[in-house]
Amino acid sequence: VSVEIGAKWGILPRIGPSLTVLAALLLGAALHLGRRFDREQIAAIFAQVPMIRLWAVYIVFLLVSAALSMNKRASYYSATKEILLQFLLVLLLSHFLRGPRFWPRLKTVLYLVTAIACLYAVAEEITHYNIFLSFYPTEEPLMRGNILRVRSTFFHPIAFGTYLALIYPFLLVDVVKRRRASHAILLVLLLLAMFLTASRGPWLALIIETALLLFLLVERKYRTVGAVIVIASLLICFTAASSELWPASLPGESLLNPSKLGGGRVNEASSEYYRIAVVRAASDRLEGERWMYGFGPGTFYMADVRSEYAGQDHILTAGDCQYALTLVEIGAVGLGLLILMMTAGMLICVQAVRHTFGYRKSLASACLASSVGFVCGCATASMFQLFPLNLLFWMGIILASHLHKTQGLEMRA
């Protein structure tokens, strides 16, 4: 369950099951390390984190930006949340993934949770009811075409779709390499739930992941067939609905077609245009030294980012592009550090693919596909600070790092 779902009182953060479990986990880890305080041991745990120096620079700059923020209270809260729910969990995950049996157990839990989330999404589509919406009194069910956009246990369909796209490469590899019926059933269920999110950003991420896995894992003589499949999928997702080939009576006939969603043409009211508007508005809003360090973490919605479109002047409160949001909040330096961290993480995955063999190579390929899909998806949504999506992104990179460096990590179970 997303940490954004839970009870809320005034200015306090939402308190839900995920945040409670995470707080207990971090407290338990702190007590454990405190009881067995060993500087060398703690230093070794930090050394296990891939790109630890980049992480250190990013965190320092995040705090500098918070100190110079237009709203220090909001920025210190946002920075603290990111450090606790991202870096400290990355630290723990880096430590535990060195255990020979941790990954198989973690993967089993992820698959079980994914199955539950997908089943709930199907039930949501059938009943048009989601109990988690009660935590957001002003929220209404989202429709696209003539289907409900499911969100399952997440606060938004795009977040749910991003989660599914992060899990998909690992599941696809297991279906191909393990050939278990349970994995195949879960894959079908995941693809169904992904379609029901009606979120084209996660769809595109999934197609990119599939293309990358085909390139990395399929024999060269079959790659042409794979390329045709991927290109056909892209055409179906983004152009087929605008032609006469897509029957008007088929559910979702306007679902994939931006021109139909815009009333017969692409216009300034469309979600596609909003992504363009937010990038332009973010660039226009910054001036002077704010270009360097931004307005502070967590301040996008109060930074008076404006854009004229759809015949009106709008204040943009949703940063539907991670890179535009990062630019506004922590400036060009912060955006550069974020891109550098993402690039370094993907390069770690590339090294793991190049230097591993057999199932380990397949798993490293899944890590690379998952991270690439997430980075591409962040161009249409702001997901980097959102738990558990951020942790799953780093999970693939950490796992790839250990696959490359460690021979004792067991993957077979």
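Start by selecting four helices in this predicted model: α1 (17–35), α4 (72–96), α5 (102–127) and α15 (389–405). Each of them supplies at least two residues to the lining of the second largest pocket. Colour α5 differently if you like, since it gives the most to that lining, with 8 residues.

Now look at the space between the lining residues. The second largest pocket holds about 840 Å³. To centre your view, pick Leu106, Leu110, Phe387, Pro388 and Leu391, which are the closest to the pocket's centre among its 27 lining residues. Then colour the lining by class: you should get 23 nonpolar residues, 3 polar ones and 1 charged one.

Stay with α4 for the next stop and select Ala74, which sits in that helix. Is Ala74 buried or exposed? Its relative accessible area is 17%, under the 20% cut-off, so Ala74 counts as buried. While you have it picked, add Gly296 and draw a distance between the two C-alpha atoms. They are separated by 8.3 Å, although the two residues lie 222 apart along the chain.

Next, step back along the chain to Leu68. You'll find Leu68 in the loop between α3 (52–67) and α4. With 39% relative accessibility, Leu68 falls between the 20% and 50% limits, which is why Leu68 is called partly exposed. Add Val60 and Val64 to the selection and switch on a surface: together with Leu68, these two form a nonpolar surface patch. The accessible area of the three together is about 230 Å².

For the last stop, go inside. How many cavities of 30 Å³ or more are there? The count comes to 1, and the space in the largest cavity is about 80 Å³. To find it, select Thr162, Pro202, Ala205, Gly373 and Gly377; of the 15 residues that line this cavity, these are the closest to its centre. Show the helices around them too: α6 (157–178), α8 (200–217) and α14 (358–377) are the elements that give two or more residues to the lining.

Finish by colouring this lining by class as well. For the largest cavity, the lining divides into 8 nonpolar, 6 polar and 1 charged residues. Put that view beside the one of the second largest pocket, where the lining has 23 nonpolar, 3 polar and 1 charged residues.

How values were computed:
Residues are numbered from 1 along each chain as its sequence is written. This is a predicted model: local features need pLDDT of at least 70, side-chain atom pairs count only at pLDDT 80 or more; totals for chains, interfaces and linings use all residues. Side-chain values use heavy atoms; hydrogens and water are left out. On a 1 Å grid over the protein atoms alone, a cavity is a set of points where a 1.4 Å probe fits but cannot get out, and a pocket is an open set with protein on both sides within 12 Å along at least five of seven lines; lining residues have an atom within 4 Å of a point. Grid points are joined across faces, edges and corners, and a volume is the space filled by probe spheres set on the points. Helices (H or I, at least four residues) and strands (E, at least two) are DSSP runs, numbered from the N terminus. Ala, Val, Leu, Ile, Met, Phe, Trp, Tyr, Cys and Pro count as nonpolar, Asp, Glu, Lys and Arg as charged, and the others, Gly among them, as polar. Patches are made of residues with over 30% relative accessible area and no salt bridge: like charges are joined within 9 Å, nonpolar side chains (Val, Leu, Ile, Met, Phe, Trp, Tyr) within 5 Å. Accessible areas come from the Shrake-Rupley method with a 1.4 Å probe; for residues, only the protein chains shown count as cover. A salt bridge is a side-chain nitrogen of Lys or Arg within 4 Å of a carboxyl oxygen of Asp or Glu. Buried means under 20% relative accessible area, exposed over 50%, partly exposed in between (1.4 Å probe, protein chains only).
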